[in-house]
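Okay, thanks everyone. I've got one complex to walk you through today, so let me put it up on the screen.

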Amino acid sequence: MPSGKEVRNKIKSVENTRKITKAMEMVAASKMRKAQDRMRAARPYGEKIRRVAGHLSHALSEYHHPFLASREKVKNVGLICVTSDKGLCGGLNSNILRLALQHMKEWEGEGKGLHVTAIGNKGFGFMQRAGARVVSSVIGLGDRPQLEKLIGAVKVQLDAYINGDIDVLYIGYTRFINTMRQEPVVEQLLPLTGDLVGESTNKWDYIYEPDAKSVIDDLLLRYVEALIYQAVAENMASEQSARMVAMKSASDNAKNVIGELKLVYNKARQAAITKELSEIVGGAAAV
Amino acid sequence: MSLRVHVDVVSAEELIFSGETEFAVFPGEAGELGIYPRHSQLITRLKPGTVRLKVPGRDEFEMVYVSGGLLEVQPAMITVLADTAIRAADLDEAKAVEAKARAEEALKNRSAEINYAAAEAELAEAIAQIQAIKKLRNQH
C-alpha cells in the first residue's frame, strides 16, 4: 500500500495536468469557433469563381486550359498533404497521414513518381522521415490561414503540372463535418473534375479585357488556390475541434484518476489511523 | 427610383462587401471603369486600387481597397474576386522558389526510397496509443 504522502503528490500532479488540459480545451473551443467562421467565410469566393469559370469555359470552348484537360497516361502524381502544425489533437494527423500513405503506396505500386507538398509541421516531419520527395512545404501557418503563405508552395506543384512533371494532383486534408466528426479525405484537385461548365443556353459572351485567354488563366489559377485555401481552412477547423474533444476527454480522464487516487489516499489515511489507535489500545492493555 | 445593381466583393478569406449600388468605379487593368446598372457582360483583371461604390441613400462613396483580382460584370450583378495578396508573376515566382529551397534544404540528407514499413509503424503506434487510451477510458 502506498503511503499517504506519495498518493497526495500524485494527486497534485494529476490535478496540475488537468488544469492544463482544461485550459487547452477552452482555448481550442474559442479558436474552433473562429476557425469555423473563417471556413464559412471562404465559401462564397469559391462559389463565385466556379460560376464565372463555368460561363467562361463555355463561352471559350476552343481554348483548353491544361487544368481542365485530363491526360491519358499518368506517370507522376502530385500530392498536397494538409496537416496541423501542432499535436495534441487526437488522431487527426495520424488518420490523414495513414490515408495519404495508403494512396502513396498504391501509386508507387503502379510505378508512378510522387511529388509531395507538405502543409503543416506534422505532415512535413512525417513525410521527411518517411523519405518521400517533398518538393515544397509550408509550416507555421498559425491560427489564421493566409493565402499569401500558401501561394509559393502551391505554385511549385501547379508549375510541375503545367510542365508535365506531374499529370495529376491530389490534395489530402481533414474534412470538417461537425465538432465531433472529422474525416480524412484525399481528393483530386487537377485536372479539375466536376462540371465547371454551366448550362449551355447562354447566347452571350463577355467583353474581355485584355483578352480571354489571360483572364481564364488567372481565373483558374485563383480557383485552384481557393480550393486549396478552403481545404486548409477546413483542416484548421477540424484541428481545433479535434483538439477540443481530445482535451475534454483528457480532462474527464484526469478527473476519474483523481477520484480513484483520492479513494486510495483516504484508505491509506484510515488504515494509518486505525493502526495508531490499535497501537495505543494495545499499549494501554499492556500497562 | 434609380436603377440598381448588386455588387459582391469577395476574397478567398472573406466576403468584403455585398449590397445594392447605383454606380461603381473599379481600378481596371486598362484604366478606371465606371459602371452603371445594365452594363453589358464584361470581365477584366483589376490592378491594386480602390473600388468605389455608390450606395443608395448615402452621399459619399463606399470605399474598398483591393490588391488586384478579377471583375465580372453582368447586367444585374457585379462580382469582384479580390486578391488578398499583391500578385505579380515575379512575386509568385519568388515565393515558389523560396518554398522549393526550403523543402530542398530540409531534404538534404534523406534516404532515396520511401520507407513505407517504418512510416506505417510510426503511424500504427500513434493510432494504437490513442485507441489504448480510449479503451482505458471506457473501463472507468
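I'll talk about how chain A and chain B meet, going from the overall contact down to single pairs.

First, a heads-up: this is a predicted model. The predictor gives the complex an ipTM of 0.77 and a pTM of 0.85. Chain B has an average pLDDT of 82, and 88% of its residues score at least 70. Where pLDDT is low, don't read the predicted coordinates in detail.

So, the contact itself. Chain A puts in 65 residues and chain B puts in 55. Between them the two chains bury about 5200 Å², with 60% of that on carbon and sulfur atoms.

What about charges: how many salt bridges does the rule find across the interface of chain A and chain B? Five. One pair to look at is A:Lys48 with B:Asp8, a salt bridge whose closest N and O atoms sit 2.9 Å apart. For polar contacts, we count eight residue pairs between the chains, with both residues at pLDDT 80 or more.

Now, where on chain A does this come from? Several elements each supply at least two residues to the side touching chain B, including α1 (4–41), α2 (43–59) and β6 (207–209). α6(A) gives the most, twelve residues. Sorted by class, that side of chain A has 32 nonpolar, 15 polar and 18 charged residues.

Last bit, and it's about strands. β6(A) runs parallel to β5 of chain B, residues 42–54, and three bridges join them. In that pairing, A:Ile207 has B:Leu42 as its bridge partner.

Okay, happy to take questions.

Conventions
Residues are numbered from 1 along each chain as its sequence is written. Chains are lettered from A and ligands numbered from 1 in the order in which they are written. This is a predicted model: local features need pLDDT of at least 70, side-chain atom pairs count only at pLDDT 80 or more; totals for chains, interfaces and linings use all residues. Side-chain values use heavy atoms; hydrogens and water are left out. pLDDT is the predictor's confidence in each residue, from 0 to 100. Contact means heavy atoms within 4.5 Å. Buried area is the accessible area (1.4 Å probe) that two parts lose on being put together, summed over both. A salt bridge is a side-chain nitrogen of Lys or Arg within 4 Å of a carboxyl oxygen of Asp or Glu. A polar contact is a pair of N or O atoms within 3.5 Å; within protein, one must be able to donate a hydrogen and the other to accept it, and residues adjacent in sequence count only if both atoms are side-chain atoms. Helices (H or I, at least four residues) and strands (E, at least two) are DSSP runs, numbered from the N terminus. Ala, Val, Leu, Ile, Met, Phe, Trp, Tyr, Cys and Pro count as nonpolar, Asp, Glu, Lys and Arg as charged, and the others, Gly among them, as polar. Two strands pair if DSSP finds at least two bridges between them.
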